Amino acid sequence: EALGRFATGEVRVLVGTQMIAKGLDFPNVRLVGVVNADTALNLPDFRASERTFQLVNQVAGRCGRGSSGGRAIVQTFQPDAAAIRMAAAHDFEGFAKQELETRKRFGLPPFKRMARVVVRHESETTARGIAQRIHDAMATLPEASGCAVRGPHPCPVTRVSDRFRMQVEVLAPDSAALQRLVTAARNAGAF
């Protein structure tokens, strides 16, 4: 209902979460603001820069679609962060090139294959203990040769629905090696 009223011009100001940035097309939007654009930038997730770039780029793309142009204001504590700068400039190619170079240097997808095993439990200590047992079981399997088994670490979103979340990450040189390790771990009762 609110979006319908905004589309007809009955409502001229729309405030919301990042959900309103996705898939909306209102040609008369001339000003868009992004508050705390860098909130996700520092999450312990290798995709944090990519997600920040996508969000800022999408929001900035919501304005100026009509004949009168538009302006996007991006509030950030990290104005020099590449994801923020390049998104504000709509420089997808520059961002993708830089991001791919970084991922290649650190052996992250798409240059390696990754799987995450996520443990959820009401007790943080129990969640960490289970994740540690999974890590230890996977790391000692012969199929782990050539793979990196990392963790346990708290998930980027550490708590959901009153459950703590811990993760074990597995990096493998290719999808076949990753599948062999995950299958062997499952068959060995690691999870």
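## Phe 53 and its burial

Phe 53 counts as buried, at 2% relative accessibility, in a model that is predicted. This residue lies in helix H2, which covers residues 48–60, and belongs to an aromatic cluster that it forms together with Phe 92 and Phe 95.

## The stacked pair with Phe 95

Phe 53 and Phe 95 form a stacked aromatic pair, with the ring centres 4.4 Å apart and an angle of 5° between the planes. Because Phe 53 lies in helix H2 and Phe 95 in helix H4, this pair ties together parts that are 42 residues apart in sequence. Phe 95 also counts as buried, its relative accessibility being 5%.

## The tilted pair with Phe 92

The structure holds 2 aromatic pairs. In the pair of Phe 53 with Phe 92, the ring centres lie 6.3 Å apart and the planes stand at 55°, so this pair is tilted. Phe 92 lies in helix H4 (residues 92–105) and Phe 53 in helix H2, so the pair ties together parts that are 39 residues apart in sequence.

In terms of solvent accessibility, Phe 92 is exposed, with a relative accessible area of 54%, whereas Phe 53 is buried at 2%.

## The cluster as a whole

Phe 53, Phe 92 and Phe 95 make up one aromatic cluster, in which Phe 53 is paired with Phe 92 in a tilted arrangement and with Phe 95 in a stacked one.

Notes:
Residues numbered from 1 in each chain as written. Predicted model: local features only at pLDDT ≥ 70, side-chain atom pairs only at ≥ 80, totals over all residues. Heavy atoms only, no water. Phe/Tyr/Trp six-rings, centres within 6.5 Å; stacked < 30°, edge-to-face > 60°. Helix = DSSP H or I, 4+ residues; strand = E, 2+ residues; numbered from the N terminus. Buried < 20%, exposed > 50% of the residue type's maximum accessible area, 1.4 Å probe, protein only.
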